[in-house]
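Subject: Structure handover

Hi,

Here is the structure for you to pick up. My notes on what turned up in it follow below.

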Amino acid sequence: MAAHRGWRLVRLGCRLLHTEPAAAPQPQPPSPLYPPVVASHTAKSKSAKRRRLEYFYQQVHEAPSIAEKLRLYGRLQRLKYVVYPQTFSLNADRWYQSFTKTVFVPGLPPAGAEPAGPEAPDLSELRSLACDALLQEHFYQRKRERPFLYREQQHVPAPFLTQLVISLTAALGSRNPLLAASCLDLKPQVNFYWERGETVVCRGYRTGRIDPVRFQIDDKPQIQIRVPKQLPEFVPLDYSVAGEVPVINHKPDKLPLFKRQYDNKIFIGSKVADPCSYGHTQFHLIPDQLKRERLLKANLADQIEVTYRANGIASLFAWTAAQAMYQGFWCEADVTRPFVSQAVITDGKYFAFFCYQLNTLALTVRADQNNPRKNICWGTESKPLYEAVEDNNVKGFNDEILLQLVQFLLNRPEQL
Amino acid sequence: MASGKVLYPLYQLGNPQLRIFRPNFFMTLVRPGVPQPEDTVQFRISMQMTRVDVKNYLEKIYNVPVSVVRTRIQYGANNKRNHKNQRVKKPDYKVAYVQLGQGQTFQFPNLFPEKEETPEPGSIEDIQKQFMEKERQRQTADPRRGGVTDWFGL
């Protein structure tokens, strides 16, 4: 007995003596015997839903390539609102601003860099190019067929716009090396799919569940210029703009906007592997159904500018956001640098210029909780390029519009 | 669309134009079941009317500036049965959503606002109300007993 007690004392003493040197190299904790306690994956509970969402976000974050990321992002197909940039809906620009979290600022962005020096003498050459294109379509080329119903825009303004852009791009290629390395697309597809806000499902087997509101834009600009390097930002990323994003508390159905279910496509005009993956300028042609004369006849004169603005906001948002997704950003991984693009919207005679800066892609409810950033769209009113074309003569050619067009095309980053 | 049969005299070039066409259409302004934007007014219209008819009707007769009209037909259900087990159809009707022009807005008024009834002191309703209040207070249990009924005890 005494021996046991002594042995116990000796053992305690040994432990007391040995604690100090053993303090620095801590003994390794044994690997956990049981797996971590997490919420269920398949239960009908909020924590299970949260876990499934986290797993989905983790999968998209860890996708090996951009194409795989896009595929996983748009994998689930559900009913979504199809947003048409060229729409007859009234006050569509306010609705589109609320869908895309955009602030519309009238006028053009503050011009940062000083313009290139010798521009005035070249303007005559460019003016002659523009007048040539105009006269070719309006006067020289004898078009035998009368345009069919709603085909007038394709008859004369579309080829004029194409010819104008191609000739101006070729002429300014020497001044702007970015244009020389650019890619010009004719009638490309631009698609984007996003979610914004939440609603309760009202019909079907999923009645009563809270769902994000999904949107899809499928746009077909007339001409598009894509470049390998990104345009410089107009304002810093977290710039606070003087203006508000309009908040509309009605369902998008009231616009009217309709739902369809199909492929969630995200496309800038070329596939992911294309080197020209940034956007420079888009050129849109107003369709026959939304022409100035038709709106004036239907007593909707105030909607003329609205159609231009809605077209600019929707098309440019889709393009810049698709460019951002091509670089790997998405709503849970917000953009770290602003994406910038320009657009010129015309109906053949009247031109309106738009600039868009995408500052945030985080438009879902979860990502938008602490997001002070807003996208910004600058836009001008539509002004005529010429007064009339009469037999071999262009009357009242407006040089300011041509100058603005040239400045748009000459826009380039400083390093180039 | 002439309402009723009227015999007009035969028309020859130079005669005054006597024929009067009054629309036989009727429109009902209704309260929207689902909240509509501020510039949208909801009507129930005749099944034979088109959106062009609605626009002309409002602009010419009531001088209301109209931008755009959208219509739809609401199917009336045929599920209810009467005492003979025959199906009873609820009639179909056409709904028009009219968006007003010139920035005008419209809100369907509250036709039956809830009135705060304050009876005059001294009138019969006031005495009745006070009597009912006293009765109600007498019926309620003693709050000091903490919800326990009065028959429970020693």
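Pro256(A) sits in the loop between strand E6 (223-227) and E7 of chain A. The peptide bond that leads into Pro256(A) from Leu255(A) is cis, with omega near 10 degrees. Keep in mind that this is a predicted model. The predictor gives the complex an ipTM of 0.84 and a pTM of 0.86. For chain B the average pLDDT is 91, and 97% of the residues score at least 70.

**The sheet with E7**

E7(A) belongs to an open sheet of 4 strands, in the order E4-E5-E1-E7. The pairing in that sheet is mixed. Which strands are at the edges? They are E4 (190-200) and E7 (259-260) of chain A, and each pairs on one side only. E7(A) pairs with E1(A), residues 80-83, in the antiparallel sense, over 2 bridges. One bridge to look at: Lys80(A) has Arg260(A) in E7(A) as its partner.

**Helix H4 and its two ends**

H4(A), residues 92-100, lies across E1, E4 and E5 (210-219) of chain A. The angle between H4(A) and E4(A) is about 85 degrees. Is H4(A) enclosed or open? It is largely enclosed by the rest of the structure, because 8 of its 9 residues are buried. Aromatic side chains are among them: Trp95(A), Tyr96(A) and Phe99(A). The buried residues also include Asp93(A), Gln97(A), Ser98(A) and Thr100(A).

Check the backbone on either side. Asn91(A), in the loop between E1 and H4 of chain A, has a positive phi of about 50 degrees although it is not a glycine. Asn91(A) counts as partly exposed, at 33% relative accessibility. After the helix comes Lys101(A), again with a positive phi, near 55 degrees.

A further asparagine has a positive phi. Asn299(A) has a value near 65 degrees. Its place is the loop between H9 (292-297) and H10 of chain A. Asn299(A) is exposed, at a relative accessible area of 59%.

**Helix H3**

In H3(A), residues 66-73, the buried residues are Lys69(A), Leu70(A), Leu72(A) and Tyr73(A). Seen down the helix axis, they fall within an arc of 165 degrees, so they line one face of H3(A). The general rule is that an α-helix has 3.6 residues a turn, so residues three or four places apart point the same way. What covers the buried residues of H3(A)? The cover includes H2 (46-61), E4 and H10 (303-326) of chain A.

**Strand E10 and its partners**

E10(A), residues 350-358, is mostly covered: 8 of its 9 residues are buried. Its pairings are as follows.

- E9(A), residues 339-346, pairs with E10(A) in the antiparallel sense over 8 bridges. Val344(A) has Phe353(A) as its bridge partner.
- E11(A), residues 375-379, pairs with E10(A) antiparallel over 4 bridges. Here Gln357(A) stands opposite Ile376(A).
- E12(A), residues 383-384, is joined to E10(A) by 2 bridges, also antiparallel. Tyr350(A) has Pro384(A) as its partner in E12(A).

E9(A) and E10(A) form a hairpin with 3 residues between them. In the turn, Gly348(A) has a positive phi of about 105 degrees.

**Cysteines**

How many disulfides does the search of the whole structure find? It finds 0 over all chains. Two cysteines deserve a comment.

Cys183(A) is in no disulfide. The nearest cysteine sulfur, that of Cys276(A), is 4.8 Å away. The cut-off for a disulfide is a sulfur pair within 2.5 Å. Cys183(A) is partly exposed, with a relative accessible area of 26%.

Cys355(A) is a buried case, at 2% relative accessibility. Why does Cys355(A) have no bond to Cys377(A)? The sulfur of Cys377(A) is the closest cysteine sulfur, but at 8.0 Å it is too far for a bond.

That is the set.

Best wishes

Note on methods:
Residues are numbered from 1 along each chain as its sequence is written. Chains are lettered from A and ligands numbered from 1 in the order in which they are written. This is a predicted model: local features need pLDDT of at least 70, side-chain atom pairs count only at pLDDT 80 or more; totals for chains, interfaces and linings use all residues. Side-chain values use heavy atoms; hydrogens and water are left out. Two strands pair if DSSP finds at least two bridges between them. Contact means heavy atoms within 4.5 Å. Axes are lines fitted to C-alpha atoms, for helices over the stretch in contact, and angles run from 0 to 180 degrees between N-to-C directions. pLDDT is the predictor's confidence in each residue, from 0 to 100. Buried means under 20% relative accessible area, exposed over 50%, partly exposed in between (1.4 Å probe, protein chains only). The arc is that of the directions from the helix axis to the C-beta atoms.
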